[in-house]
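Good morning, and thank you for coming. I would like to walk you through one protein chain, beginning with a single residue and widening the view from there. Please look at the display now.

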Amino acid sequence: MKHLLTLILLFISLHLFAGKVIKDPEIEYAASWMTITEIELTKEATIVRGTLMPHCSIINNTVLADRNTGKEFKFLRVEGIKAYEQATKETPCTVYFEPLDANVKEFNYIEVGNNPLGNYYGIKLQPKAKASKKEDLADTYWRNDKTGEWLIGFTKDKVIYDCRV
């Protein structure tokens with residue numbers, strides 16, 4: 001019983017102290033030099049994981065900026081490649097920044113002093129909303145090209161099958 005209680009407390013504490021992970025974050029504007037695949041928020045750092053494209057590099061004058069307040073969070077380090085080293089092929093890398101404030105919902109990834117088109121804007125810290133299957137199927141149909149008869153079709157409020165609604 002004592003061991004079970006210890007395991008339960010360990011599990012709860014690991015869950016409470018684990019960082020929040022956002023896979024494939026929604027990004028309003030994404031430059032093409034890196035594909036951001038994951039963001040992890042911990043007490044120690046904001047961690048951006050992705051794949052660096054060939055002939056591109058991570059520079060250490062990069063900051064994360066709260067989209068609402070403009071407050072900046074400094075670059076700490078990069079793993080997978082050295083800062084300023086150009087990738088020779090698609091290279092997985094992890095970039096560490098100061099931890100974002102708890103109230104940040106959206107941020108920009110800014111390379112200070114570089115072309116603004118090379119930045120990432122509107123990185124959202126909420127997972128992408130999944131489209132419902134109804135929306136995915138809305139207004140799709142298949143017809144027999146020769147006869148023009150409906151084989152099957154979906155609209156927002158109807159299903160057409162074998163020429164019947």
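Let us begin with a cysteine. C56 has a relative accessibility of 18%, and because the cut-off for a buried residue is under 20%, C56 counts as buried. A second cysteine, C93, is buried as well, with a relative accessible area of 3%. I should say at once that this is a predicted model. How many disulfides does the structure hold? The number is zero.

From C93 we may move to one of its contacts. L52 touches C93, and its other contacts include W33, M34, I58 and I81. These counts leave out residues up to four places away in sequence.

L52 also brings us to the nonpolar core. In general, nonpolar side chains in soluble globular proteins tend to be buried together. Here, the largest nonpolar core has 27 residues. Among those with the most contacts inside it are L52, W33, M34 and F107. The elements that give two or more residues to this core are β3, β4, β6, β7, β8 and β9.

Let us take β4, residues 46-52, more slowly. Six of its seven residues are buried, so this strand is mostly covered. Which strands pair with β4? One is β3, residues 34-41, which pairs with β4 in the antiparallel sense over seven bridges. A hairpin of four residues joins β3 to β4, and I36 stands opposite G50 in β4. Another is β7, residues 91-97, which is joined to β4 by seven bridges and also runs antiparallel to it. There, V48 has V95 in β7 as its bridge partner.

Now consider a charged residue, E111, in strand β8, residues 106-111. Is E111 buried or exposed? E111 is buried, yet it has no salt bridge. The nearest side chain of opposite charge belongs to R67, and it is 17 Å away. The residues that E111 touches include W33, S57, N61 and N119, again not counting residues up to four places away in sequence.

Finally, the whole chain. Its secondary structure comes to two helices and twelve strands. From the N terminus, the order opens with a helix, continues with nine strands, then has the second helix, and ends with three strands. Of the 165 residues, 34% are buried. Among contacts with a separation of 6 or more, 50% are between residues 24 or more positions apart.

Thank you for your attention.

Definitions and conventions
Residues numbered from 1 in each chain as written. Predicted model: local features only at pLDDT ≥ 70, side-chain atom pairs only at ≥ 80, totals over all residues. Heavy atoms only, no water. Buried < 20%, exposed > 50% of the residue type's maximum accessible area, 1.4 Å probe, protein only. Lys, Arg positive; Asp, Glu negative; His and termini not counted. Salt bridge = Lys/Arg side-chain N within 4 Å of Asp/Glu carboxyl O. Contact = heavy atoms within 4.5 Å. Pairing = 2+ DSSP bridges. Core = buried A, V, L, I, M, F, W, Y, C linked by side-chain atoms within 4.5 Å. Disulfide = S-S within 2.5 Å.
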